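Biologist: I would like a close look at the backbone of this model, at the places where its geometry departs from the usual. Please start there and then let the story run on to whatever else catches your eye.

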Amino acid sequence: MAKEICNLEPKALWENFYNMCQIPHPSKHEEKIRAFMVEFGKGLGLETIVDEIGNVIIRKPATPGMENRKGIVLQGHMDMVPQKNNDKVHDFEKDPIETIIGDDGWVKANGTTLGADNGIGCAAAMAVLQSKDIAHGPIEVLVTTDEETGMTGAFGLQPNVLKGDILLNLDSEDEGELYVGCAGGIDGEFVFDYKSEAVPANYETFKVSIGGLKGGHSGMDIVLGLGNANKLIIRFLHQAIDKFSLRLASIVGGSLRNAIPREASAVFMAPKGRSEEIKQFMFEFFDITSAELSISEPDYKMTIEPEATPEFVIDADAANRAIKAIYACPNGVIRMSDAMVGLVETSTNLAIVSTANNKITINCLLRSSVNSAKDDLATMMACTFELAGAKIVFEGAYPGWKPNPNSQILEIAKKVYNDKYGKVPEIKAIHAGLECGLLGDVYPKWDMLSFGPTIRNPHSPRERVNIASVGMFWNYLVEILKNAPVK
């Protein structure tokens with residue numbers, strides 16, 4: 001069933017994507033896909049190298065008559081976000097992705113993320129390397145490592161390795177839109193130390209769970225007003241702990257810093273004899289919050305059930321401080337852009353909450369296209385958690401990508417699209433951390449542009465890519481290469 005995507009057009013691109021789907025390549029586990037890329041390049045007789053950080057670079061000379069064109073770097077990332085539905089048995093480090101062609105004209109996966117982000121872009125670059133009938137100037141394909149969990153490959157790219165003049169980033173997700181700018185970001189981690197205390201006598205244990213939320217990309221989907229499982233479960237605990245004299249044993253929610261958390265759960269203890277009151281309170285809480293999210297999250301659900309007695313509970317002071325700080329922590333859109341209508345300027349995603357080894361750990365990803373606004377948001381969050389007694393670390397900061405009003409490749413791309421499809425493409429900036437910001441820091445003279453096919457719900461098991469848009473994206477890429485500017 002999965003191999004049927006190889007019959008889609010353009011065949012070379014879809015065959016490459018299928019082959020990528022057969023090789024496990026979640027972030028931080030790119031060894032197999034890296035080896036595949038190296039074998040692919042060398043198998044074509046092309047210069048293929050792996051740099052010190054693990055990026056793969058493949059060079060293809062210009063086709064006859066195109067030697068005087070500026071060199072183009074086609075860029076994508078080799079890793080994918082590993083997310084699956086609870087009822088799906090899948091090991092992202094061992095199992096292939098099962099692709100499905102829907103009757104609605106989209107390709108998706110069977111209960112997992114698809115990896116179209118950014119497998120389709122990489123597959124397109126590979127098809128260019130394979131081609132014998134596409135006119136192009138000097139080509140370099142740069143496939144970066146570990147983009148999704150820290151942009152490690154882009155951070156580690158060294159100057160003077162690549163020779164091209166133009167970067168075409170193939171990691172955007174709306175066909176017909178050209179991206180000329182992106183947000184920068186920074187990771188925030190807030191840690192509360194706690195003491196393990198003995199389980200109180202005459203208490204019984206419950207587990208409350210939140211699920212059914214859509215999740216999604218913490219940059220592009222943050223504007224949709226989706227439910228955040230961590231914020232919801234903290235809201236419940238904040239109200240319930242004092243009301244019922246609860247003792248918190250553990251909490252876990254979210255799994256990736258760049259994905260809006262879909263699920264969260266907490267184990268707590270309550271005085272015996274109050275179980276029906278607690279259940280009724282949960283039902284009332286659910287009625288209120290589901291009404292708030294009735295449009296954006298129609299499948300939101302909340303359950304409570306008995307749980308085995310834990311080994312210990314978290315000391316009440318630490319639990320109280322952590323819950324209050326998480327409740328107060330900003331989440332979602334902070335400010336919309338003044339420069340571009342509909343663009344989020346600044347946001348934050350309360351991505352992960354976990355308890356282990358006598359620590360409550362909270363991870364957030366802050367984004368902004370304005371560096372000073374990003375820093376201000378980080379300070380705001382630091383103040384909130386500092387007052388509550390948490391240890392605070394910010395790391396992994398990366399710059400945004402400022403639009404270039406004099407971009408030569410942008411003017412060419414606009415004309416090519418208009419000539420081919422009879423309309424001018426939309427020019428946009430994206431509220432996500434495209435690698436262009438980092439790559440442009442290393443190669444400041446690059447003329448950069450980002451585009452891609454239409455992909456929906458990346459970073460979630462609902463990820464899907466529109467088949468017709470892939471064909472349009474491919475044909476567009478080929479025409480841009482044919483029209484590359486002269487040196």
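Modeller: N118 belongs to helix α3, which covers residues 116-130. Please keep in mind that the model is predicted. What makes N118 worth a stop is the bond before it: the peptide link between D117 and N118 is cis, with omega at about 10°. Most peptide bonds are trans, and most residues other than glycine have a negative phi. With that background, here are the other backbone spots I would look at.

A second cis bond joins E9 to P10, and its omega is near 0°. P10 sits in the segment before α1.

Then come two residues with positive phi. D146 is not a glycine, yet its phi is near 55°. You will find D146 in the loop that connects β6 (139-144) to α4 (152-156). Its relative accessibility is 4%, below the 20% limit, so D146 counts as buried. S245 also has a positive phi near 55° without being a glycine. This serine is placed in the loop between α5 (229-244) and β13 (247-253). Its relative accessible area is 38%, which makes S245 partly exposed.

From P10 we can step into the helix that follows that segment. Helix α1 spans residues 11-21, and its axis comes within 10 Å of the axis of α2, crossing at roughly 145°. The meeting residues are N16, N19 and M20 on the α1 side, with I33, F36, M37 and F40 on the α2 side. By class, this contact holds five nonpolar residues, two polar ones and no charged ones.

Follow α2 to its end and you reach L44, in the loop between α2 (31-43) and β1 (47-50). L44 is partly exposed, because its relative accessibility is 36%. Setting aside neighbours within four places in sequence, L44 touches L129 and Q130. L44 and Q130 are 86 residues apart along the chain, while their C-alpha atoms are separated by 7.1 Å. Q130 brings us back to α3, the helix of residues 116-130 that holds N118.

The cysteines are worth a look too. Searching the whole structure gives zero disulfides. For C6, the closest cysteine sulfur is in C21, and at 9.3 Å that is too far for a bond. C6 counts as buried, as its relative accessibility is 11%. C329 is in no disulfide either: the nearest cysteine sulfur, in C364, is 4.3 Å away. With 3% relative accessibility, C329 counts as buried.

Now to the rings. The model has 15 aromatic pairs. In the pair of F286 and Y300, the ring centres are 5.0 Å apart and the planes meet at 50°, so this pair is tilted. The two residues are 14 apart along the chain, with F286 in helix α6 (residues 275-292) and Y300 in the loop between α6 and β16 (301-306). Y300 has a relative accessible area of 5% and is therefore buried. Elsewhere, one aromatic cluster is formed by Y417, Y421, F451, F473 and Y476. There is a charge over a ring as well: the charged end of R464 sits over W106, 4.7 Å from the centre of its ring.

I would finish at I166, in strand β7 (residues 166-169). Its relative accessible area is 2%, so I166 is buried. Beyond residues up to four places away in sequence, I166 touches K70, G71, I72 and V73, along with I409, W446, D447 and P485. For a sense of scale, the C-alpha atoms of I166 and F283 are separated by 57 Å, with their positions 117 residues apart along the chain. Put beside that, the 7.1 Å separating the C-alpha atoms of L44 and Q130 makes a nice contrast to view on screen.

Definitions and conventions. Residues numbered from 1 in each chain as written. Predicted model: local features only at pLDDT ≥ 70, side-chain atom pairs only at ≥ 80, totals over all residues. Heavy atoms only, no water. Helix = DSSP H or I, 4+ residues; strand = E, 2+ residues; numbered from the N terminus. Buried < 20%, exposed > 50% of the residue type's maximum accessible area, 1.4 Å probe, protein only. Contact = heavy atoms within 4.5 Å. Axes fitted to C-alpha atoms, helices over the stretch in contact; angles between N-to-C directions. Nonpolar A, V, L, I, M, F, W, Y, C, P; charged D, E, K, R; others polar. Phe/Tyr/Trp six-rings, centres within 6.5 Å; stacked < 30°, edge-to-face > 60°. Lys NZ or Arg CZ within 6 Å of the ring centre and 35° of its normal. Disulfide = S-S within 2.5 Å.
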